[in-house]
Structure formats: C-alpha cells, structure tokens
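Please open the model in your viewer and keep both chains displayed, since this tour follows the interface between them from one selection to the next.

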Number of protein chains: 2
Amino acid sequence: MEEFQALTMKDIAAQLGVSVATVSRALKDSHNISKERREMIQKYAREHNYYPNVIAEQLRHSRKKPSQIIGVIIPEFVHYYFSSILKGVEEEASRRGYRIMVAQSGETYEREVEICQSFMQNKVCGIIVSQAKDTNQYGHFEKLVENGIPLVFYDRICPALNASRVVVDDYQGAFNAVSHLVETGCRRIAFFGAPMSLEISQNRYNGYKDALYKHGLTPEEELTVICDNYEDARKRAPELLRADNRPDAFFTVNDDTAIGVLYSAKELGLRVPDDVAVCGFGNDTHAVSCDPMLTTVEQRGVDVGREAATVLIDTVEGVLPIDHAAKRVVKTRLIVRGTTREA
Amino acid sequence: MEEFQALTMKDIAAQLGVSVATVSRALKDSHNISKERREMIQKYAREHNYYPNVIAEQLRHSRKKPSQIIGVIIPEFVHYYFSSILKGVEEEASRRGYRIMVAQSGETYEREVEICQSFMQNKVCGIIVSQAKDTNQYGHFEKLVENGIPLVFYDRICPALNASRVVVDDYQGAFNAVSHLVETGCRRIAFFGAPMSLEISQNRYNGYKDALYKHGLTPEEELTVICDNYEDARKRAPELLRADNRPDAFFTVNDDTAIGVLYSAKELGLRVPDDVAVCGFGNDTHAVSCDPMLTTVEQRGVDVGREAATVLIDTVEGVLPIDHAAKRVVKTRLIVRGTTREA
DNA sequence: AACCTTAATGCAATCGGTTGCTCACAGGTC
DNA sequence: GACCTGTGAGCAACCGATTGCATTAAGGTT
C-alpha cells in the first residue's frame with residue numbers, strides 16, 4: 001500500500017511559498033489577504049482538490065463549538081418504525097450539514113451504556129435515543145447531560161429525566177381508531193396492548209377508554225389483554241373469539257399483533273370485517289400485504305425522526321436553550337382499509 | 001449554558017504535579033513509569049472518569065493509522081433488506097471496536113457524490129456502499145480509492161471498478177426456487193424480473209433458465225416480464241393469468257412483486273398454490289403477513305452486512321492487502337411456505 | 001525627511017494526546 | 001573517587017487548522 005497522504009494546507013503553503021496562516025485565511029476568503037494571492041491559493045486548492053481535515057478543525061474548535069456529528073441510538077434497525085425514524089433523522093441532519101453515527105442497543109442496558117460512552121469519546125454534538133426495554137438506571141444519560149451533551153428521546157422516553165422528547169399522539173390516535181370502530185357498528189372492542197409500565201401503553205389505553213365512554217360504552221376487564229406481538233396474538237385471540245360473547249372488534253398496539261388477530265379470526269371461519277373488525281397501530285409495510293389490508297393508525301416515523309433532529313440541532317446551535325426540555329408531539333392519522341367496516 | 005469542559009490529561013497532570021507525557025504513559029501502562037505513579041494516575045483518572053479524546057488521538061495518528069469509523073451508504077433505510085444489512089454491518093463493526101456513520105443516497109447520484117466527499121472529510125477508514133440506481137460515473141469512487149480509502153460494495157456492485165464486493169448467491173437461489181416449483185408440479189413458470197442491466201437480474205434469470213433446462217423445460221419468451229414492484233405486478237399478472245394458457249407458477253425478483261401476483265391471482269378466483277404457485281425473493285417481513293404466507297428465497301441481509309464489514313475491517317487492518325478485491329458470496333436458502341405446492 | 005496609517009503577511013500558540021530524545025540521579029563496578 | 005548502566009521522568013515536536021498579535025513595507029501627511 002503506497003502510503004497516501006491527503007493534501008494539507010502545509011503542502012499548499014510550501015508549494016506556493018506562503019505561510020500556512022495565509023493559506024488558511026485565503027481559503028476563508030479573508031480580506032486581509034490580497035486579491036491576487038487569495039485567488040491564486042483558491043485556484044491551487046481547487047485544482048488539486050484540497051479539502052479540509054474535519055478532525056483537525058474539530059480539535060481546534062473543541063473548546064468553543066461542538067462537532068457536527070449526531071449520535072443516534074436505535075433499539076433495532078430491522079423494524080419498520082425505527083428505520084422510518086432513522087430516515088427522518090438522517091434527512092434533517094444532512095439538510096443542516098450534520099452527519100449521523102448510529103448504533104443498536106439491541107434492547108440491552110449494557111450496550112446502551114457502552115454506546116453512550118463511545119459516543120461521548122467520539123465527541124458527538126448530541127444524542128437521539130429510544131431507551132432499551134430493560135433500562136431502569138439512568139446514570140449514563142445523566143453523565144451525558146453533565147458533560148454538556150444534549151439528549152433527545154423518541155418513542156420510549158425516559159420519564160425520570162427532564163430531557164427533550166418527541167412522541168406520537170398515542171392518546172388521540174387510539175381515540176380516533178376506537179371511535180371509528182364504534183361508529184362503524186362495533187360494540188365489544190378488545191384492547192391488545194403492551195405492558196402498562198410504558199407510557200405509550202397508558203396513553204393508548206386511555207384513548208381507547210375515553211372513546212368508549214364518549215359513545216356510551218364501558219370498557220370490560222376481560223377484553224383488555226397484555227398482548228403485543230404476532231405469536232401471542234395467535235394464542236390469545238382465538239381464546240376470546242371462541243367465547244359465546246366474542247368481541248366484534250380488536251384494537252391492537254401494533255400491526256404485527258393486528259395481523260395475528262386477523263389470521264386467527266380467518267382460521268376460525270369468521271369474516272373480517274363483518275364478524276370481527278381489526279385495527280392496528282403503526283402502518284407498517286405489513287399493513288398492505290395482509291388480506292384484507294389492515295386499517296391502522298399511521299405513526300409517521302419519518303416525522304418523528306425529523307422532529308427529533310430539529311430539536312437536537314436547535315439545541316446544539318443555541319436556538320433552544322440547553323436546559324429547555326422540548327416536548328414535541330407528532331400527529332397520527334387513521335388509515336381505513338379492509339379490516340374495518342364501511343360507515 | 002455553563003461551559004462544560006471534559007477532563008484532559010493536562011488537568012490530571014496539573015492536579016498530580018506530573019507532566020502530561022507521564023500521564024499519557026501511565027494510562028497506557030508503560031513500564032517506563034514507576035509502579036506507584038502509574039497506579040496513582042490510573043486511580044485518579046478512574047475516579048474522575050477521564051476518557052480520552054478520540055478526535056485528538058485520531059489527529060495525532062492520522063499519518064500512520066486510520067480512524068475507526070466506517071462510512072456506510074444505503075440507498076434507502078426503510079427497506080427490509082437494507083436495514084438488515086445495516087444491522088449486520090453495525091454488529092460486526094461494534095464487535096471489532098468500530099463505529100459507523102451512515103447516510104442515505106436516496107438513489108441519486110448527486111447525493112452519493114456529496115456523501116463520499118463528506119465521508120472523506122470526516123476521515124472514515126473505509127466505505128461500504130450499494131450504489132444509487134442512476135449512478136453511471138465512478139469518479140467519486142475512484143477518488144476514494146486514490147485517497148487510500150478502501151471500498152466494499154454490497155448488493156448493487158459497481159462492475160466498472162475492481163473493488164471488493166459482497167453479494168448473495170442469486171444464481172443458485174433462483175435455481176433452487178425454480179427447481180422447487182418444477183418438482184412440485186409446475187410446468188409453465190413465469191419470470192418477473194428487474195431490468196437486465198443489473199447484474200443480479202442476469203444471474204437470477206440464468207438460474208431460472210438453467211433450472212428449467214435441467215428439468216427438460218424450455219423458457220418461453222412471453223413468460224419473461226420486466227416487473228419488479230407491487231403496482232406493476234397488479235397490472236401485469238392479471239394479463240398473464242387471464243390468458244388461455246396461463247402460467248401455473250411465478251418466480252419474482254422480490255417479495256413485494258410476489259405479493260402483487262398473489263393477490264391478483266386470488267382476485268381472479270384462482271387458488272394459490274393449487275392453480276397458481278408463487279415464489280418470491282428476499283424473505284421480507286411481508287412474506288409472513290400475506291395469506292397464504294409466501295414461499296421465498298431468504299436473502300440473509302444480516303450476513304451480507306456482517307461479511308461486508310469483515311472484508312472492510314480486514315482490509316483496513318492490513319489482514320487483506322488493499323489492492324485485493326475480495327469477492328464474497330453469501331448463500332441463500334429456499335423457505336417453503338404456503339404459496340407453493342406440497343412435494 | 002520624519003511620522004503615521006493601513007494593508008498584507010507571517011509567527012507562534014492552541015486544541016489533546018503521543019513519542020523520540022534527553023536528562024538527572026541512583027546504584028553498581030573497578 | 002571515577003566511570004558506567006539503567007531507571008524514571010520531562011521536554012518538545014508533531015498531527016492540521018485557526019487566530020491574536022507582531023512585523024513589514026508601501027503610501028500619505030505635514
């Protein structure tokens with residue numbers, strides 16, 4: 001390997017017989033430098049395609065201004081919602097001249113701590129994170145804040161910390177979805193949710209209940225089930241559907257679960273949506289590949305990501321004060337397809 | 001904002017009344033430093049949680065050794081295959097102490113060039129890339145190579161460049177899939193593929209043809225169609241299926257297309273797989289959410305990503321010579337589900 | 001001709017960490 | 001007591017770019 005070395009200001013200075021300082025100023029178009037020299041240096045740089053060493057710039061500025069690299073922690077890349085968020089973050093970051101460094105926590109606390117540490121060492125200007133499921137200590141996050149690294153939570157926020165957060169409108173999304181079910185004739189609506197320890201579960205459950213109340217219905221305990229994935233849905237849904245007073249609709253915490261319910265119903269010979277309606281949450285790509293296509297709440301991951309990046313960059317650049325914990329809510333939208341009835 | 005400044009070696013040196021050089025050596029456990037001092041310095045560093053400034057380290061070493069940051073260019077994050085690849089890259093990179101910087105080209109040449117430039121400025125140690133669909137000039141890639149930055153292509157490789165590449169075994173995957181169709185009784189098998197300009201299309205088409213020949217069948221021109229997405233499949237499949245001598249099976253370039261075929265067939269009242277069998281390529285999450293679930297070729301994105309990271313890091317670390325263009329092939333696997341017949 | 005501006009440039013320190021070289025001193029040898 | 005050896009530590013240069021300050025020379029003023 002022929003040791004290649006990038007062109008530096010020193011090289012240009014030596015070639016043109018000027019000082020490094022002059023080169024630096026000329027490239028910054030400083031008026032201290034005479035027009036001829038400026039142009040000559042710029043021309044040389046252009047022709048030999050000089051580009052500045054970001055690392056050196058960053059070191060030089062390390063005491064006064066942050067880097068332009070955002071750290072992003074994602075529980076799991078292969079997941080429609082999370083990859084949408086990443087897309088949104090990347091687009092907004094790129095647009096504003098930032099780069100992103102990403103890592104997967106794989107839902108474990110240890111990895112999350114390591115990643116925070118590593119991001120800090122790599123001098124990211126801030127971190128966008130959805131915490132791992134099993135995280136219940138927050139020292140690693142607090143350390144970041146102490147070190148002046150702004151944090152923005154998305155999806156799974158850290159309630160113990162007064163940090164910025166971007167979430168979707170879970171309450172309203174659930175409320176609208178359940179209202180739609182009631183308004184299209186459903187009366188016994190089951191709720192398949194995630195554990196109530198998560199804030200999003202609480203919010204969606206409240207939206208569900210309030211929608212029922214508003215339409216003069218009452219939530220029934222046996223219709224509220226902790227069930228948040230496909231496999232569990234294939235077990236729990238049939239139990240409910242075989243009962244004499246089976247539910248006539250299901251509202252589920254995500255699309256996978258909804259699809260589990262859908263296929264369970266079909267297997268039992270029930271017609272969807274006439275006998276049983278189903279509504280999911282997320283609007284994953286799955287939602288259009290099942291038969292019939294799924295009615296669901298669009299979660300707008302891209303917007304969540306974009307908003308998270310906006311909040312973070314605004315904080316880094318001082319547009320938002322660092323101690324101001326911004327709370328942004330991204331609106332959801334009900335997408336009606338084939339698993340719910342006509343109005 | 002109270003200006004926070006991370007603890008540096010200089011601070012430690014000042015506190016303990018030794019020189020910075022001594023601190024540096026003590027933290028590296030150099031035997032030039034007496035045991036007592038070494039331990040005292042290490043203890044202080046630990047207790048005040050000192051961590052080294054990667055930026056400074058990198059600058060210092062810039063002439064002799066590369067950074068530990070890998071640049072990854074992905075056409076589009078929200079895509080099952082690509083996010084799987086990203087997962088694989090991240091896992092392997094993390095395991096070997098590297099971080100990744102990612103960017104989306106959004107399938108445009110201009111973005112791709114900008115990203116390469118930006119990654120170069122950010123001193124990534126190498127780049128893993130699947131080129132954008134409309135890229136047909138390679139100056140930006142060549143410049144990277146000239147600058148000593150190793151390149152590894154995945155999925156859409158750049159045939160004009162003699163760079164390392166990791167691909168899946170498209171030929172064998174197609175061959176196995178089509179063989180399965182024939183062996184379960186299909187005789188007129190349609191091929192829905194991407195434009196033949198892409199290497200993967202060629203390879204899969206060859207696998208398709210050879211599987212037919214091997215079983216004494218001949219490919220028919222009217223059964224070979226350029227069709228590589230859901231919408232097009234909803235248009236082209238019905239045309240074929242309404243004909244008198246309709247195909248009794250479809251092999252498609254990806255799962256979306258397969259699902260388009262599947263639902264077209266169901267809409268026409270045909271039974272899948274008895275009247276028409278369908279086999280996709282990819283094993284996306286969609287493949288298990290359609291009804292019936294899709295028989296498809298597993299593309300193992302995670303393995304592709306992991307392999308790409310391995311090749312890149314081995315090149316960076318000198319395990320592989322920089323001018324050795326590694327060509328790795330990741331095996332595919334046929335996953336038989338409900339859209340093909342029993343043997 | 002002495003003095004003052006002003007423009008154009010360079011010097012040198014800095015960011016944080018690394019490392020070759022030098023230096024001081026302790027201990028051992030003859 | 002003179003000389004050698006080895007250990008432990010510090011000095012200073014370096015990585016590439018930036019920037020406050022000093023320096024130089026040219027031109028203008030009286």
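Two strands are taken to pair if DSSP finds at least two bridges between them. With that criterion in hand, and bearing in mind that this is a predicted model, select strand β2 (99-104) of chain A together with strand β2 (residues 99-104) of chain B, which pair in the antiparallel sense over 3 bridges. Within this pairing, pick out A:Val102 and look across to B:Ile100 in β2(B), the residue that stands opposite.

Next, widen the selection to the whole contact, to which chain A brings 55 residues and chain B brings 56 residues. The area buried between the two chains comes to about 5200 Å², with carbon and sulfur atoms giving 58% of that area. Highlight A:Tyr51, A:Ile55 and A:Arg99, because no other three residues supply more of the area that chain A buries against chain B, their share being 13%.

Now turn to the polar side of the interface, where B:Lys87 and A:Glu76 are the side chains to display: they meet in a salt bridge, at 3.0 Å from N to O. Across the interface of chain A and chain B there are 6 salt bridges, and 21 residue pairs, both members at pLDDT 80 or more, are in polar contact.

Finally, colour chain A by element, where those giving two or more residues to the side that touches chain B include α4 (54-61), α6 (109-121) and α11 (255-267). Select α5(A) as the last stop, as this helix gives the most to that side, with 8 residues. The residues on that side of chain A divide into 24 nonpolar, 18 polar and 13 charged.

Note on methods:
Residues are numbered from 1 along each chain as its sequence is written. Chains are lettered from A and ligands numbered from 1 in the order in which they are written. This is a predicted model: local features need pLDDT of at least 70, side-chain atom pairs count only at pLDDT 80 or more; totals for chains, interfaces and linings use all residues. Side-chain values use heavy atoms; hydrogens and water are left out. Contact means heavy atoms within 4.5 Å. Buried area is the accessible area (1.4 Å probe) that two parts lose on being put together, summed over both. A salt bridge is a side-chain nitrogen of Lys or Arg within 4 Å of a carboxyl oxygen of Asp or Glu. A polar contact is a pair of N or O atoms within 3.5 Å; within protein, one must be able to donate a hydrogen and the other to accept it, and residues adjacent in sequence count only if both atoms are side-chain atoms. Helices (H or I, at least four residues) and strands (E, at least two) are DSSP runs, numbered from the N terminus. Ala, Val, Leu, Ile, Met, Phe, Trp, Tyr, Cys and Pro count as nonpolar, Asp, Glu, Lys and Arg as charged, and the others, Gly among them, as polar.
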